[in-house]
Structure formats: C-alpha cells, structure tokens
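Colleague: I am new to this structure and would like a close look at a single part of it. Please pick one helix, take me through its surroundings, and then go outward from there.

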Amino acid sequence: MPTIAESLNNIRLLDELSGQATPVHRLHPLTKLLTTLSFLVVTVSFGKYDLSAMLPLIIYPVALMITGDIPFTPLFKRMLIISPLAIGLGIFNPFFDREPLIILPWLQISGGWVSFTVIMLKFVLTVLAALILVATTGITGIASALRALRIPKIFVMQLILTYRYIALLLEEVARILLAYSLRSPFSRGVHFSAWGSLSGQLLIKTHLRAQRVYESMLCRGFAGEYNTGSLKRFSLLDLAYFTGFTLFFITVRYGNIPVRIGALITDLIK
Amino acid sequence: MSHHIIEVKNLDYVYPDGKQALKNISFRITHGESVGIIGLNGAGKSTLLMHLNGVLFPTGGEVSIGEVAVRKSTLPVIRQHVGFIFQNPDDQLFMSTVYDDVAFGPRNYKLPENEVEKRVLSALDTVGIAHLRNRPPYKLSEGEKRSAAIASILSMSPDILVMDEPSSSLDPSSRRRLIKLLHSFKHTRIIASHDLDMVLEICERTIVIKDGEILADDSTLKIFQNEELLTISGLEKPFCMQKCPVCSAGKSDMEPV
C-alpha cells in the first residue's frame, strides 16, 4: 500500500529534517516557537482585502526553507492534504462579493476573489510556518519549548504522544491493508463488509502496541514528565533572530511595504 | 541489602479474562546468576518476567528484589535496579534518535545532562553502536535495534537484566554478537527464550515452566540431558546436543530429518 507507506515516510521525514545541523536548527527551540507564534498572529490579523500588504510575509518561510535546507515539495504535499478546508472556507466569496475592487484598464477583479486569495495566502503561510517549525525544531524541541513557557505537562504529553501514536497507527494500517490486499486480488480498496472488522482490529492492535510502548516507558522510570534533556542556552543569535523577524512582521503589518515601494517608484518615474 | 537478589514466593497471576497464567511459582536468584526460563508458547514465561519489575502485580504471593517487595510504592527503586528488555525492540524504541532513546531512562531519573551523556555513550559503546547514535531507530536493522534496546536499559545501570526472547528475529551473526555481549555482562541475567542453544551457552541455571507452573529448576546441562523432562514439557534438546544428521547418516539409530 504505497499511499500509507508514503504517509509514514512523510511523518518521519519531518523528524529526519529536524535532525539537521543548519544555523536555523541550532537556534533555541523557544526562539523559533515564539517567532512562529508572532508570525501566525500577524498573518491572521490582516484584513480580508489586504492582499498586497501581506505579500512580503512570504519572505519569512522562504528564508527559513533556504537557510534550514528544507525542501518545498514535501511541505507542499502536506498543505495539499488540508487545502480543501481552506478552499471550502473561501470558495463562496467570489459569488457573494461581486463588487469590483481592483480596477485595471483591461481587467476588473471583484472583492470576493481578492478575499478568497487572502484566505488561501493566510492558509499557505500559517501551515508552512507550522511545518517549518516542526522540520527545524522537532517535536521534542517544541515540547521542551512549551514546557519552558510553563504549559502544563499534561498538554505537552498529549501533543508528543499523539504525534508518536500517528506513526504507530499508520504502521498498523499499512500491515492490515497489505494482509487484506494479498488475499483479495480482485478488489479495489477495502470492501465495505470488511470495514467494521478491519477498523476494530486496527483499534485493538494499536491500543495494545501503545500499551507495550507505555509499559516500556514505565520500565525506564517514566513518571508523567517527558524529559527531553536540558535546553540550550539563549545566544545573541537567538535574540537577533527573534527581534529581527518580529520587527519585520510589525513593519509589514503597519507599513504596507508594497504600496510604499510602488509610491516610491512612481515618484522616481515622475 | 543487595539489589541483585530476586525472590519469588508462591506467585499466582490470573489475567482479567479469568485465565490463570501463573500458579504457585517460587524461586530465588542470587547475585550474578544467569538463569534461563524455558517453556512452550503460552506457558507463562513473559507473564512471569513482567512481575519482576512491576509491569504486572501478583494476584497471590510476592515478588521481591533485594528484600524490597515489588509494589506500586517501590516501583521507581525496583525499575532502576531491574532492566527489562522487551521481546520486540520496536516497543522499546520510540524517540526520534537512538541517543534520545538511550537517554530516556537516565533523564527520567533527573540525572544531570553531562552524566546522562556519559552513560549514553558508555552504553552505546558497550553494545557497539556508538556510530548509530544520531540515527532514527526505525532505520536500524533488527540486530541494531536489539542492541539499541539493550543500551537503553544499560544506561540506567541496572543490577539485574531481564530479557524476553532476546534472540528472536536475529540473523545468525547478530545472534552470535548478542550471545558474546550477554556473556560479557556481570549483571544477574534472567532470559526467557525458545533459543535453547543460547540458553545453554549463557545460563548456568534453567527453570522449566509448563502451564504456569515450575516443572523443573536445575542446572541447565542437567535439564537438557533429562529427555523425559523435555518430552513432558514439550521441548527438545538444543541443536548442539542433538545428533548431526550428516555425520550419523546411514547409522541405524539415525532419525529421519
């Protein structure tokens, strides 16, 4: 079942990417978490027609992908998986909001299309930022940063164990589907009559496996706290990274850089 | 008090579904002993091992490690002294790198990070996989995973090693490496296995279990020489004690292979 195996590889790819040693990876997890949070807040705060104003925000994920050596294609594939949600949120805007907003000599674009594009851009930027955070920090790094922010350990544990459980679940799905397909050569996919027993098996198997993993954690002294080792020390680079990017986000938010650049160029031409 | 002594007295265990897995099990294992636990599938070997560090608690009787009874309140101490190596290393390796997996135990005992690092590197060195420390566990071979699982226990510096089927699904060279490794340990070792040749090589004492009861507890060689006992317990002699089908070809007492 290549699709499940692919999903499993995809999940593991983020873990593997987080093990690199680029300058972005070496930053303190808390720095990256806080910078990502400020990026998310600024991105979602833009108005529904602020398309041109938010365009410079693209620089942030692109810069991180280049310096962190993160390939775009796997991240793009992940975005595609959840893109129907964003499309569903904005797809009716062009039908209800037909007022022309951008009027060019040869083209008129309605407010609905602009707001739809803004929704899609916000979706791409926020999801990309979150994926880049995982790919440059790792789930354990994020967990330690959350604990440093005094987030209750029960929530951090939920996050880590859910993340680990997805891989276990996919492994079991891959095994069950392989066993099914080997004994049903003429059927495409799983026949609905087998859905009940297969999903039941899946639940029980993954539960038992998760139980064994938990037992092995208990055997090694696990007492409810997921210890990830002591955090790195903050460096000047961390401070520069956080301050630099946060100032950039604020400038983009309140400065409308494209309009200013456009005005500057127009003045120069005049 | 020595943490190396294991005492099991009249141990009974009944699973929640009503199946009695262990019946009146009693034995004492002393410092540095290497003990094999053998028996058919479902005889109760794994259930017995899981009582030794409190994964399961007895329905009746008592288990104590170095005079400390295995109870919920004593688990942190017990688990620091009894290292349990699971049958499937995938159940034991769940962190994103081998290093983090081996460091998981020491970090839970709140050791300073430099001590954690020292222990992790020493454990990885002992099992010969220091070069794999930054690899994700799911990318290792079965033999390497087994070594990583053993390292994850060694890093806690246990006095007693409890192993459930340590040689299962290993290729011959990985199995041989494992046997050499287990030979080199000075810990008290308890090994449940179907690999009777390995038990013969590593364990000087063997306990035979059938239907949740101890059928025999004696020196390994005596157990494997007792054909009647082996037949009753559904086992056979280790391969190295059986006749070689090639050498004894044509001889009257040769059995069909």
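Modeller: The part to start from is H4(B), where Val98(B), Tyr99(B), Asp100(B), Asp101(B), Val102(B), Ala103(B), Phe104(B), Gly105(B), Pro106(B), Arg107(B) and Asn108(B) are buried. Keep in mind that this is a predicted model. Eleven of the eleven residues of H4(B) are buried, so the helix is largely enclosed by the rest of the structure. A residue counts as buried here if 20 or more other C-beta atoms lie within 10 Å of its own.

What covers H4(B)? The cover over its buried residues includes H8 of chain A, and from chain B it includes H5 and helix H6 (142–154). Both chains therefore have a part in enclosing H4(B), as the helices just named show. Just after the helix comes Lys110(B), with a positive phi near 55°. Most residues other than glycine have a negative phi.

One of the covering helices, H5(B), can be described in more detail. The axes of H4(B) and H5(B) come within 9 Å and cross at roughly 125°. The two helices, H4(B) and H5(B), are therefore oblique to each other. Their crossing, that of H4(B) and H5(B), is right-handed. On the H4(B) side the contact is made by Tyr99(B), Val102(B), Ala103(B), Pro106(B) and Arg107(B). On the H5(B) side the residues are Val116(B), Arg119(B), Val120(B), Ala123(B) and Leu124(B). By type, the residues of the contact of H4(B) with H5(B) divide into eight nonpolar, no polar and two charged.

The mention of H8 of chain A leads to the contact between the chains. There, 26 residues of chain B are in contact with 19 residues of chain A. On the chain B side, helix H2 (75–81), helix H3 (89–92), helix H4 (98–108) and helix H5 (113–126) each supply at least two residues. The largest share of that side, six residues, comes from H4(B). The residues of the side of chain B that touches chain A divide into twelve nonpolar, nine polar and five charged.

Across the interface, H8 of chain A has a helix partner within its own chain. The axes of helix H3 (residues 29–45) of chain A and helix H8 (residues 111–148) of chain A come within 8 Å and cross at roughly 150°. That angle makes H3(A) roughly antiparallel to H8(A). H3(A) passes H8(A) in a left-handed crossing. The residues of this contact of H3(A) with H8(A) divide into 13 nonpolar, seven polar and two charged.

H3(A) also meets helix H11 (residues 236–255) of chain A, where the axes come within 10 Å and cross at roughly 0°. H3(A) and H11(A) are therefore roughly parallel to each other. From H3(A), the residues in this contact are Thr31(A), Leu34(A), Thr35(A), Ser38(A), Phe39(A), Val42(A) and Ser45(A). From H11(A), they are Asp238(A), Tyr241(A), Phe242(A), Phe245(A), Thr246(A), Phe249(A), Val252(A) and Arg253(A). The residues of the contact of H3(A) with H11(A) divide into eight nonpolar, five polar and two charged.

Back in chain B, there is also a sheet to place. This open sheet of six strands has the order S6-S7-S8-S3-S9-S10 (chain B), with mixed pairing. S6 and strand S10 (213–219) of chain B are the edge strands, each pairing on one side only. From one strand to the next, the twist averages 15°.

At one edge, four bridges join S6(B) to strand S7 (residues 160–164) of chain B, and these strands run parallel. Val82(B) stands opposite Ile160(B) in S7(B), and Ile85(B) stands opposite Met163(B) in S7(B). In strand S6 (residues 82–85) of chain B, Val82(B) and Phe84(B) point one way, while Gly83(B) and Ile85(B) point the other way, and all are buried.

Two loop residues of chain B complete the tour. Glu165(B), in the loop between S7 and helix H7 (172–184) of chain B, has a positive phi near 50°. Glu165(B) counts as partly exposed, with 19 C-beta neighbours inside 10 Å. Glu67(B) lies in the loop between strand S4 (60–65) and strand S5 (68–69) of chain B, and its phi is positive too, near 70°. Glu67(B) is exposed, with 10 other C-beta atoms within 10 Å.

Methods
Residues are numbered from 1 along each chain as its sequence is written. Chains are lettered from A and ligands numbered from 1 in the order in which they are written. This is a predicted model: local features need pLDDT of at least 70, side-chain atom pairs count only at pLDDT 80 or more; totals for chains, interfaces and linings use all residues. Two residues are in contact if their C-beta atoms, placed from the backbone, lie within 7 Å. Ala, Val, Leu, Ile, Met, Phe, Trp, Tyr, Cys and Pro count as nonpolar, Asp, Glu, Lys and Arg as charged, and the others, Gly among them, as polar. A residue is buried if 20 or more other C-beta atoms lie within 10 Å of its own, exposed if 12 or fewer, and partly exposed in between; C-beta atoms are placed from the backbone. Two strands pair if DSSP finds at least two bridges between them. Axes are lines fitted to C-alpha atoms, for helices over the stretch in contact, and angles run from 0 to 180 degrees between N-to-C directions. Angles under 35 degrees count as roughly parallel, over 145 as roughly antiparallel, 65 to 115 as roughly perpendicular and the rest as oblique. A crossing is left-handed if the near helix is turned anticlockwise from the far one by less than a right angle, and right-handed if clockwise.
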